[in-house]
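Welcome! Grab a pencil and work through these short exercises, each followed by a solution in steps.

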Amino acid sequence: MNSPQTIYALSSGALPAAIAIVRISGPLAKKALQLLGATNLTPRKLILTKLKPSKQEIIDMALVCFFSKEESITGEDLAELHLHGSLAVVDEVFLFLSSITGLRPAEPGEFTKRSLLNGKMGLIEVEGLADLIASETKEQRIQSLRLLKGELSKKYLKWGKELIRIRAEMEALLDFSDEGDVSQKANNNNLIKKMPNLINKIEKDLAKGAAGTRLRNGLKIALIGPPNVGKSSLINVLLKEERAIVSAHAGTTRDIIEARLDLEGAPVTVYDTAGIRIARNKIEKEGVKRSKSTAENADIILYIRSALDDPKEKALDLSKYKPSKIIHVYNKTDLLENKGQLKKEGFGVSCKTKQGIDIFLEFLCKEVRRLTSLSDMAIGPNRIRHMNHLKETKDSLELALIESKKGKMDVSADFIRSANVSLGRIVGTVDIEDVLDEIFLGFCIGK
Ligand code: GDP
């Protein structure tokens with residue numbers, strides 16, 4: 001294999017800043033440091049160094065650190081320059097590094113990619129790292145850190161070993177199948193018992209995956225209801241009472257996003273689907289269609305109505321939405337003369353006086369926790385990719401179980417092998433090349 005090129009990039013944020021961290025990874029990392037004038041290096045120690053290439057002016061006074069390939073995160077010799085964070089300093093360092101033969105600027109995510117390919121990080125850990133950097137709320141941070149620490153990988157690698165053991169036992173049975181004695185039957189039964197146990201564990205993880213994916217992508221709350229009942233007012237109340245997320249990312253759908261909130265540590269996007277009404281023309285029809293699909297895809301629907309009976313108000317058709325995800329809210333309770341008029345099946349609130357808002361918010365937060373909270377449970381998957389392969393693993397295991405019950409151990413062993421391949425795809429021990437591009441698409445330069 002060709003020796004890899006040495007790469008460099010700015011790994012810290014936008015300039016100017018107090019400090020700029022430039023990373024250099026590859027076989028020439030040490031040489032690059034020496035050419036920059038950093039000759040007095042102790043591995044894994046930050047050393048204050050005058051960066052002055054020979055026959056050149058001083059570039060900066062910087063803290064320099066060197067990691068040998070055995071101890072670095074990329075699995076290659078790695079250097080870090082903690083520079084003064086000015087454009088001029090970083091430009092000059094880059095100019096110098098680019099003049100060294102064998103060095104080139106890093107591509108997006110290339111440091112992490114090398115770490116993965118050199119076995120310093122697993123695939124799920126890399127995904128965890130990407131999630132951690134993108135995390136906006138506490139629960140997202142906790143989930144991604146657990147992935148980064150390898151909790152999920154360890155679990156699936158353990159399951160993988162279990163599959164290998166089951167298959168080995170099956171093959172051993174096949175080898176002695178001529179003997180057809182009582183103990184063989186007992187072994188068969190033993191194997192048949194092990195499979196449902198694993199299938200059960202996978203099912204639990206698939207159920208957890210829904211919550212994990214929701215937490216990673218954020219929860220969607222759709223507001224529906226007739227005009228003038230106080231939908232915008234409720235959004236304003238939510239924004240005041242809870243923490244608003246200021247996100248650099250625009251909404252991924254074309255719906256109008258009214259608010260991004262941090263509810264109980266989970267990211268929540270509130271959509272105002274004011275468009276659900278009888279459409280009078282083509283453009284309105286499109287708006288109604290989009291609003292309806294937003295409500296259908298939402299994790300929670302807040303159906304807002306006025307607490308005052310309005311004979312003109314038409315009830316919306318809710319038949320398309322799961323009843324369990326609809327929360328009924330009656331606003332403007334301050335206008336009720338008689339509290340006995342309050343509807344029983346929902347929450348009576350007043351956006352004006354804040355009456356009932358506490359109780360409603362408490363319930364909403366409980367729902368959000370129920371739909372996303374993972375921190376007190378064993379970690380589960382959090383991407384569609386994980387879920388798809390996990391489902392394949394389960395399907396293969398179920399087929400293996402059917403075949404083994406028929407006594408067809410050779411066919412069953414084949415299905416066990418397929419199950420292990422699917423599991424290996426999640427942790428990246430199988431077909432890792434297929435997912436590399438997709439995984440690193442979201443990484444930026446310097447990571
Ligand atoms: P939307 O069309 O459903 O978004 O409704 P808005 O939030 O724009 O509110 C419609 C009107 O109702 C505005 O004049 C609000 O000031 C008023 N409003 C909203 N909430 C309350 C409330 O709790 N009590 C009273 N009395 N008026 C409210």
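**Exercise 1.** Which residue in β4 is the bridge partner of L48?

*Solution.* Keep in mind that you are looking at a predicted model.
- Step 1: Find the two strands. β3 covers residues 47-51, and β4 covers residues 60-67.
- Step 2: Look at how they pair. β3 and β4 run in the antiparallel sense, joined over five bridges.
- Step 3: Pick out the partner. L48 is bridged to L63 in β4.

**Exercise 2.** Work out the order of the strands in the open sheet, and find its edges.

*Solution.*
- Step 1: Walk across the sheet. Its six strands come in the order β3-β4-β5-β2-β1-β6.
- Step 2: Check the pairing, which is mixed.
- Step 3: Look for strands that pair on one side only. These are β3 and β6 (103-105), the edge strands.
- Step 4: Follow the twist, which averages 30 degrees from one strand to the next.

**Exercise 3.** Describe how helices α2 and α3 sit on the sheet.

*Solution.*
- Step 1: Begin with α2, residues 87-98, which lies across β1, β2, β4, β5 and β6. The angle between α2 and β1 is about 170 degrees.
- Step 2: Move on to α3, residues 110-117, which packs on the sheet and touches β1, β2 and β6. The direction of α3 makes about 135 degrees with that of β1.

**Exercise 4.** Find two backbone features that stand out in the loops.

*Solution.*
- Step 1: Recall the usual case. Most peptide bonds are trans, and most residues other than glycine have a negative phi.
- Step 2: Go to the loop between β1 and β2, where P16 lies. The peptide bond from L15 to P16 is cis, and its omega is near -5 degrees.
- Step 3: Go to the loop between β3 and β4, the place of K55. Phi of K55 is positive, near 60 degrees, although K55 is not a glycine.

**Exercise 5.** What surrounds the ligand, and how much of the ligand does the protein bury?

*Solution.*
- Step 1: List the neighbours. There are 15 residues around the ligand, and N228, S232, S233, D334 and C351 come nearest.
- Step 2: Sort the shell by class: five nonpolar, six polar and four charged residues.
- Step 3: Find the main contributor. Helix α8, residues 231-241, gives the most to the shell, with three residues.
- Step 4: Look at ligand oxygen atoms. One lies 2.8 Å from a polar side-chain atom of S232. A backbone N or O atom of K231 is 2.9 Å from a ligand oxygen, and for a polar backbone atom of K352 the distance is 3.1 Å.
- Step 5: Finish with the area. Alone, the ligand exposes 580 Å², and the protein buries 69% of that.

Technical notes:
Residues numbered from 1 in each chain as written. Predicted model: local features only at pLDDT ≥ 70, side-chain atom pairs only at ≥ 80, totals over all residues. Heavy atoms only, no water. Pairing = 2+ DSSP bridges. Helix = DSSP H or I, 4+ residues; strand = E, 2+ residues; numbered from the N terminus. Axes fitted to C-alpha atoms, helices over the stretch in contact; angles between N-to-C directions. Contact = heavy atoms within 4.5 Å. Near = heavy atom within 4 Å. Polar contact = N/O pair within 3.5 Å; in protein donor to acceptor, adjacent residues only side chain to side chain. Areas by Shrake-Rupley, 256 points an atom, 1.4 Å probe, with all protein chains shown as cover. Nonpolar A, V, L, I, M, F, W, Y, C, P; charged D, E, K, R; others polar.
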